[in-house]
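This report describes one protein chain, from its overall pattern down to single residues. Please look at the sequence and the structure before reading on.

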Amino acid sequence: RVNRSVFAGTFDRLHAGHKLLLTFTRLLTKQTMILRITGPSMLTKKRHGDFLDPYRTRKEAVRTFVSRVRVESGDDVDIDVLNDPVGPAGTIDF
């Protein structure tokens, strides 16, 4: 297990693959799961980006799902917007 995990994604229309990734990450993280959801500024060049659910809808779906994954420790989940390609992975000291 790891103390902290960091990952990001668009998470449009939360599907089984997203749920597996979120569940395994949640279960393997001892302290803080840092999760970033691609924001509108990053989607301007994405193919068919205008068909994606709004950021708030995607964030709420992820937050709701992650809150249902039961863990013994590591209850800290930090969900926020991703506005640059590197995100927190480039600034956090592991």
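Which residue of E2 is the bridge partner of valine 2? The partner is threonine 29. The model in which this pairing is found is a predicted one.

**Overall pattern**

The chain contains two helices and three strands. Followed along the sequence, they give the pattern β-α-β-α-β. Of the 94 residues in the chain, 35% are buried. Among contacts with a separation of 6 or more, 80% are between residues 24 or more positions apart.

**Strands**

Strand E1 covers residues 2–9, strand E2 covers 29–38 and strand E3 covers 76–82. E2 pairs with both of the others, as the table shows.

| Strand pair | Sense | Bridges | One bridge in the pair |
|---|---|---|---|
| E1 and E2 | parallel | seven | valine 2 with threonine 29 |
| E2 and E3 | parallel | seven | leucine 35 with isoleucine 79 |

E1, H1 and E2 together form a β-α-β unit, and this unit is right-handed. Is E2 mostly enclosed or mostly open? Eight of its 10 residues are buried, so E2 is largely enclosed by the rest of the structure.

**Helix H2**

Helix H2 runs over residues 55–67. It has 13 residues, and the distance from its first C-alpha to its last is 18 Å, close to the 18 Å expected at 1.5 Å a residue. The buried residues of H2 are Tyr55, Arg58, Val62, Phe65 and Val66. They lie on the same side of H2, because they cover an arc of only 110° around the axis. An α-helix has 3.6 residues a turn, so residues three or four places apart point the same way. The buried residues of H2 pack against H1, E2 and E3.

**The nonpolar core**

The largest nonpolar core has 12 residues: Phe7, Phe11, Leu22, Met33, Leu35, Ile37, Tyr55, Val62, Phe65, Val66, Val69 and Ile79. Strand E2 and helix H2 are the elements that give two or more residues to this core. Which of the elements gives the most? H2 does, with four residues. In soluble globular proteins, nonpolar side chains tend to be buried together.

**Three single residues**

Valine 69 belongs to this core. Beyond its neighbours up to four places away in sequence, valine 69 touches Thr23, Arg26 and Leu27.

Histidine 18 sits in helix H1, which spans residues 16–28. Why is histidine 18 classed as buried? Its relative accessible area is 15%, and the class takes in residues under 20%. Again setting aside residues up to four places away in sequence, histidine 18 touches Phe11, Asp12 and Arg13.

Leucine 14 is found in the loop between E1 and H1. How far is leucine 14 from arginine 58 in sequence and in space? The two are 44 residues apart in sequence, while their C-alpha atoms are 7.7 Å apart. Arginine 58 is one of the buried residues of H2. Apart from neighbours within four places in sequence, leucine 14 is in contact with Lys19, Leu22, Ala61, Val62 and Phe65. Among these contacts, Leu22, Val62 and Phe65 are also members of the largest nonpolar core.

Conventions:
Residues numbered from 1 in each chain as written. Predicted model: local features only at pLDDT ≥ 70, side-chain atom pairs only at ≥ 80, totals over all residues. Heavy atoms only, no water. Core = buried A, V, L, I, M, F, W, Y, C linked by side-chain atoms within 4.5 Å. Buried < 20%, exposed > 50% of the residue type's maximum accessible area, 1.4 Å probe, protein only. Contact = heavy atoms within 4.5 Å. Expected span 1.5 Å × (residues − 1). Arc of directions from axis to C-beta. Pairing = 2+ DSSP bridges. Right-handed = clockwise from strand over helix to strand, strands pointing away.
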